[in-house]
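Me: Please go through the hairpin loop and the main pocket of this model.

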Amino acid sequence: MTVGDMFYSSITASANNTAVALARLSGLSSSAFLKAMNQEARLAGATSSRFFDFSGMDPRNVTTAHDMALIADRAFTNPAIRRAATTAQYQFKIIDKNKPVTKIIKNTNDLLTKDPDMWVLGGKTGYLEESKHNLVVRLRALDEYDNPIPGTDILVVVLGAPNKEQMFAVTKRLAQWTWNNHAF
(Lines give C-alpha, C1' and ligand atoms only; values in the text may rest on other atoms or scores of the structure.)
Protein backbone atom coordinates (compact mmCIF):
# COMPACT_ATOMS: atom_id res chain seq x y z
CA MET A 1 0.00 0.00 0.00
CA THR A 2 1.08 3.54 -0.52
CA VAL A 3 0.80 6.18 2.18
CA GLY A 4 -2.07 7.67 0.16
CA ASP A 5 -3.87 4.31 0.18
CA MET A 6 -3.46 4.16 3.97
CA PHE A 7 -4.74 7.73 4.32
CA TYR A 8 -7.91 6.90 2.36
CA SER A 9 -8.32 3.62 4.22
CA SER A 10 -8.16 5.36 7.59
CA ILE A 11 -10.57 8.18 6.72
CA THR A 12 -12.84 6.80 4.00
CA ALA A 13 -13.25 3.29 5.39
CA SER A 14 -12.49 4.02 9.07
CA ALA A 15 -9.70 1.43 9.10
CA ASN A 16 -8.11 1.92 12.50
CA ASN A 17 -5.10 -0.24 11.69
CA THR A 18 -4.06 2.11 8.89
CA ALA A 19 -4.39 5.13 11.21
CA VAL A 20 -1.92 3.40 13.52
CA ALA A 21 0.37 2.58 10.58
CA LEU A 22 0.32 6.22 9.43
CA ALA A 23 1.31 7.37 12.91
CA ARG A 24 4.20 4.92 12.89
CA LEU A 25 5.31 6.11 9.44
CA SER A 26 5.23 9.77 10.50
CA GLY A 27 8.76 9.68 11.83
CA LEU A 28 7.59 10.81 15.26
CA SER A 29 7.80 8.73 18.40
CA SER A 30 4.47 7.51 19.80
CA SER A 31 4.54 10.11 22.56
CA ALA A 32 5.47 12.91 20.14
CA PHE A 33 2.68 11.92 17.74
CA LEU A 34 0.10 11.86 20.54
CA LYS A 35 1.36 15.21 21.80
CA ALA A 36 0.93 16.62 18.28
CA MET A 37 -2.60 15.15 18.04
CA ASN A 38 -3.61 16.75 21.32
CA GLN A 39 -1.98 20.04 20.30
CA GLU A 40 -3.94 20.05 17.02
CA ALA A 41 -7.14 19.53 19.01
CA ARG A 42 -6.27 22.46 21.27
CA LEU A 43 -5.47 24.63 18.21
CA ALA A 44 -8.98 23.86 16.99
CA GLY A 45 -10.31 25.13 20.33
CA ALA A 46 -11.11 21.68 21.72
CA THR A 47 -10.21 22.18 25.37
CA SER A 48 -12.10 19.18 26.79
CA SER A 49 -10.59 16.53 24.51
CA ARG A 50 -7.73 14.15 25.30
CA PHE A 51 -6.35 11.44 23.04
CA PHE A 52 -4.35 8.44 24.22
CA ASP A 53 -3.96 6.49 20.97
CA PHE A 54 -3.68 7.09 17.23
CA SER A 55 -6.81 5.33 16.05
CA GLY A 56 -9.44 6.61 18.48
CA MET A 57 -10.04 3.12 19.85
CA ASP A 58 -8.68 3.66 23.36
CA PRO A 59 -11.62 4.10 25.77
CA ARG A 60 -9.60 6.74 27.65
CA ASN A 61 -9.98 9.08 24.66
CA VAL A 62 -12.50 11.75 25.59
CA THR A 63 -14.23 14.56 23.78
CA THR A 64 -17.47 16.51 23.82
CA ALA A 65 -19.87 17.16 20.95
CA HIS A 66 -18.71 20.79 20.93
CA ASP A 67 -15.03 19.81 20.80
CA MET A 68 -15.67 17.24 18.08
CA ALA A 69 -17.41 19.91 16.02
CA LEU A 70 -14.39 22.20 16.42
CA ILE A 71 -11.95 19.43 15.48
CA ALA A 72 -14.02 18.40 12.45
CA ASP A 73 -14.47 22.00 11.33
CA ARG A 74 -10.69 22.40 11.31
CA ALA A 75 -10.09 19.01 9.67
CA PHE A 76 -12.64 19.51 6.90
CA THR A 77 -10.90 22.73 5.80
CA ASN A 78 -7.96 20.54 4.72
CA PRO A 79 -8.63 19.59 1.06
CA ALA A 80 -7.02 16.14 1.38
CA ILE A 81 -9.07 15.24 4.47
CA ARG A 82 -12.25 16.65 2.95
CA ARG A 83 -11.67 14.65 -0.25
CA ALA A 84 -11.10 11.39 1.66
CA ALA A 85 -14.10 12.10 3.91
CA THR A 86 -16.38 12.54 0.88
CA THR A 87 -15.08 9.66 -1.25
CA ALA A 88 -17.75 6.97 -1.51
CA GLN A 89 -15.38 4.28 -2.77
CA TYR A 90 -11.61 4.07 -3.19
CA GLN A 91 -9.65 1.49 -5.15
CA PHE A 92 -5.96 0.59 -4.93
CA LYS A 93 -3.62 -2.31 -5.60
CA ILE A 94 -1.51 -4.31 -3.18
CA ILE A 95 0.98 -7.06 -3.86
CA ASP A 96 -0.10 -10.40 -2.41
CA LYS A 97 2.37 -13.25 -2.98
CA ASN A 98 4.00 -11.35 -5.86
CA LYS A 99 0.63 -10.86 -7.56
CA PRO A 100 -1.22 -7.52 -7.67
CA VAL A 101 -4.62 -7.60 -6.00
CA THR A 102 -7.18 -4.84 -6.34
CA LYS A 103 -8.71 -3.69 -3.07
CA ILE A 104 -11.89 -1.63 -2.90
CA ILE A 105 -12.82 0.21 0.28
CA LYS A 106 -16.16 1.86 0.90
CA ASN A 107 -17.11 4.85 2.98
CA THR A 108 -18.91 4.02 6.22
CA ASN A 109 -21.06 7.19 6.09
CA ASP A 110 -24.48 6.14 4.77
CA LEU A 111 -25.55 9.78 4.43
CA LEU A 112 -22.87 10.11 1.76
CA THR A 113 -23.36 6.78 0.04
CA LYS A 114 -27.05 5.94 0.41
CA ASP A 115 -29.07 9.10 1.13
CA PRO A 116 -29.93 11.28 -1.87
CA ASP A 117 -31.54 13.89 0.43
CA MET A 118 -28.20 14.83 2.03
CA TRP A 119 -25.31 16.78 0.47
CA VAL A 120 -22.25 15.70 2.45
CA LEU A 121 -19.22 18.02 2.55
CA GLY A 122 -17.25 15.89 5.00
CA GLY A 123 -17.95 13.23 7.56
CA LYS A 124 -16.44 10.63 9.83
CA THR A 125 -18.08 7.72 11.60
CA GLY A 126 -16.78 5.99 14.69
CA TYR A 127 -17.70 3.18 17.01
CA LEU A 128 -16.50 2.01 20.41
CA GLU A 129 -18.32 -0.35 22.73
CA GLU A 130 -18.05 2.34 25.43
CA SER A 131 -19.44 5.20 23.33
CA LYS A 132 -21.51 3.30 20.74
CA HIS A 133 -22.08 4.83 17.28
CA ASN A 134 -20.75 8.33 16.61
CA LEU A 135 -20.80 10.66 13.63
CA VAL A 136 -19.58 14.12 12.77
CA VAL A 137 -20.68 15.43 9.38
CA ARG A 138 -20.81 18.73 7.48
CA LEU A 139 -23.97 18.98 5.39
CA ARG A 140 -25.46 21.46 2.93
CA ALA A 141 -29.19 21.91 2.31
CA LEU A 142 -30.66 21.03 -1.07
CA ASP A 143 -33.25 23.02 -2.99
CA GLU A 144 -36.42 21.53 -4.50
CA TYR A 145 -34.36 20.39 -7.52
CA ASP A 146 -31.74 18.66 -5.32
CA ASN A 147 -29.12 21.34 -5.97
CA PRO A 148 -26.92 22.29 -3.00
CA ILE A 149 -27.74 25.72 -1.55
CA PRO A 150 -24.58 27.74 -0.80
CA GLY A 151 -24.49 29.30 2.66
CA THR A 152 -26.54 26.57 4.36
CA ASP A 153 -23.67 24.44 5.65
CA ILE A 154 -24.06 22.97 9.12
CA LEU A 155 -21.98 20.62 11.20
CA VAL A 156 -23.84 17.89 13.08
CA VAL A 157 -22.33 15.74 15.83
CA VAL A 158 -24.14 12.67 17.15
CA LEU A 159 -22.49 10.75 19.97
CA GLY A 160 -23.72 7.54 21.60
CA ALA A 161 -26.35 6.32 19.16
CA PRO A 162 -27.36 2.72 19.94
CA ASN A 163 -27.03 1.63 16.29
CA LYS A 164 -25.97 2.95 12.89
CA GLU A 165 -29.50 3.42 11.63
CA GLN A 166 -30.45 5.69 14.52
CA MET A 167 -27.16 7.58 14.25
CA PHE A 168 -27.89 8.50 10.62
CA ALA A 169 -31.61 9.12 11.24
CA VAL A 170 -30.94 11.49 14.16
CA THR A 171 -28.32 13.33 12.12
CA LYS A 172 -30.74 13.79 9.25
CA ARG A 173 -33.55 14.98 11.54
CA LEU A 174 -31.25 17.50 13.25
CA ALA A 175 -30.06 18.84 9.91
CA GLN A 176 -33.56 19.15 8.46
CA TRP A 177 -34.87 20.78 11.65
CA THR A 178 -32.03 23.31 11.54
CA TRP A 179 -32.61 24.19 7.90
CA ASN A 180 -36.38 24.48 8.45
CA ASN A 181 -36.14 26.64 11.58
CA HIS A 182 -33.20 28.97 11.01
CA ALA A 183 -32.49 31.57 8.36
CA PHE A 184 -29.26 31.18 6.43
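**Hairpin loop and pocket**

Reply: Asn-98 is exposed, at a relative accessible area of 76% (exposed means over 50%, buried under 20%, partly exposed in between; 1.4 Å probe, protein chains only). This is a predicted model, in which local features need pLDDT of at least 70, side-chain atom pairs count only at pLDDT 80 or more, and totals for chains, interfaces and linings use all residues. Residues are numbered from 1 along each chain as its sequence is written, and side-chain values use heavy atoms, without hydrogens and water.

Me: What is the phi of Asn-98?

Reply: Asn-98 sits in the loop between β1 and β2 (strands are DSSP E runs of at least two residues, helices H or I runs of at least four, numbered from the N terminus). Asn-98 is not a glycine, yet its phi is positive, near 65°.

Me: Is Lys-97 buried or exposed?

Reply: Lys-97 is in the loop between β1 and β2 and has a positive phi of about 55° although it is not a glycine. Its relative accessibility is 77%, so Lys-97 counts as exposed.

Me: Which residue in β2 is the bridge partner of Lys-93?

Reply: β1 (residues 89-96) and β2 (residues 99-106) pair in the antiparallel sense over eight bridges (pairing needs at least two bridges found by DSSP). In β2, the bridge partner of Lys-93 is Thr-102.

Me: Which element gives the most to the lining of the largest pocket?

Reply: The largest pocket is lined by 48 residues (a pocket is an open set of points on a 1 Å grid over the protein atoms alone, where a 1.4 Å probe fits, with protein on both sides within 12 Å along at least five of seven lines; lining residues have an atom within 4 Å of a point). Elements giving two or more residues to this lining include α3 (30-43) and β4 (132-140). With six residues, the element that gives the most is β3.
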